[in-house]
Amino acid sequence: FVDDLRPPLVAAMAQPAQKKAKVERVFLFSSESVNEGHPDKLCDQVSDAVLDACLTVDPKSKVACETVTKDNMVMVAGE
């Protein structure tokens with residue numbers, strides 16, 4: 001009876017998590033595509049090589065690696 005007196009939004013928020021989980025969620029998926037020889041391809045290869053080297057030494061390692069390039073410079077950053 002008390003739920004009938006609440007505004008609809010408050011009543012919906014008070015429902016158990018199971019009922020909330022039935023709401024359909026919509027996701028947008030996007031990805032980029034570049035041609036062979038594009039600097040992004042080179043950067044991806046460098047980042048992958050750093051990740052592979054770290055995982056070879058320690059299979060449980062956590063790696064954040066970003067590679068950027070401009071003109072005649074390649075910069076590898078991470079933790």
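The legends below describe an overview and several close-up views of a predicted model.

**Figure 1. Overview of the predicted model, with four helices and two strands.** Read from the N terminus, the elements follow the order α-α-α-α-β-β. The protein has 79 residues, and 4% of them are buried. Its accessible surface amounts to about 7,500 Å², with 57% of that area belonging to carbon and sulfur atoms. Among contacts with a separation of 6 or more, 15% are between residues 24 or more positions apart. The views that follow concern helix α4, which spans residues 39–57, and the strands β1 (residues 65–70) and β2 (residues 73–78).

**Figure 2. The hairpin of β1 and β2.** The two strands run antiparallel and are joined by six bridges. Glu66 has Ala77 of β2 as its bridge partner, and Thr67 stands opposite Val76 of the same strand, β2. Two residues lie between the strands of the hairpin. In a regular strand, side chains alternate between the two faces of the sheet.

**Figure 3. Asp71 in the loop between β1 and β2.** Asp71 is not a glycine, yet its phi is positive, at about 50°. The residue belongs to the hairpin that has two residues between its strands. Asp71 counts as exposed because its relative accessibility is 69%, and the limit for exposed is over 50%.

**Figure 4. Thr67 of strand β1 and its surroundings.** Thr67 has a relative accessibility of 6%, so the residue counts as buried, the limit being under 20%. Beyond residues up to four places away in sequence, Thr67 touches Cys43, Val46 and Ser47, and also Val74, Met75 and Val76. Of these, Ser47 is located in helix α4 and Val74 in strand β2. Val76, also touched by Thr67, is the residue that stands opposite Thr67 in β2. The side chains of Thr67 and Ser47 make a polar contact at 2.7 Å.

**Figure 5. Ser47 of helix α4, seen with residues of strand β1.** Ser47 is buried, with a relative accessible area of 13%. When neighbours within four places in sequence are left aside, Ser47 is in contact with Cys65, Glu66 and Thr67. Strand β1 covers residues 65–70, and one of the contacts of Ser47 there, Glu66, is bridged to Ala77 in β2. Another, Thr67, is itself buried, at 6% relative accessibility. The contact between Ser47 and Thr67 includes a polar one from side chain to side chain, at 2.7 Å.

**Figure 6. Val50 of helix α4 and its contacts.** Val50 is partly exposed, with a relative accessible area of 27%. Outside its neighbours within four places in sequence, Val50 is in contact with Cys65 and Val76. Cys65 is also in contact with Ser47, and Val76 is also touched by Thr67. The C-alpha atoms of Val50 and Val63 are separated by 8.7 Å, and the two residues are 13 residues apart along the chain.

**Figure 7. Leu51 of helix α4 and Lys62.** Leu51 counts as partly exposed, at 33% relative accessibility. From C-alpha to C-alpha, Leu51 and Lys62 are 8.9 Å apart in space, and eleven residues apart in sequence.

**Figure 8. A nonpolar surface patch made by Leu42, Val74 and Val76.** The patch covers about 240 Å². Val74 is found in strand β2 and is partly exposed, with a relative accessible area of 46%. Val74 and Val76 also both touch Thr67, which is a buried residue of strand β1. Val76 is in contact with Val50 as well, a partly exposed residue of helix α4.

Technical notes
Residues numbered from 1 in each chain as written. Predicted model: local features only at pLDDT ≥ 70, side-chain atom pairs only at ≥ 80, totals over all residues. Heavy atoms only, no water. Buried < 20%, exposed > 50% of the residue type's maximum accessible area, 1.4 Å probe, protein only. Contact = heavy atoms within 4.5 Å. Pairing = 2+ DSSP bridges. Patch = residues over 30% accessible without salt bridge, like charges linked within 9 Å, V, L, I, M, F, W, Y side chains within 5 Å. Areas by Shrake-Rupley, 256 points an atom, 1.4 Å probe, with all protein chains shown as cover. Salt bridge = Lys/Arg side-chain N within 4 Å of Asp/Glu carboxyl O. Polar contact = N/O pair within 3.5 Å; in protein donor to acceptor, adjacent residues only side chain to side chain.
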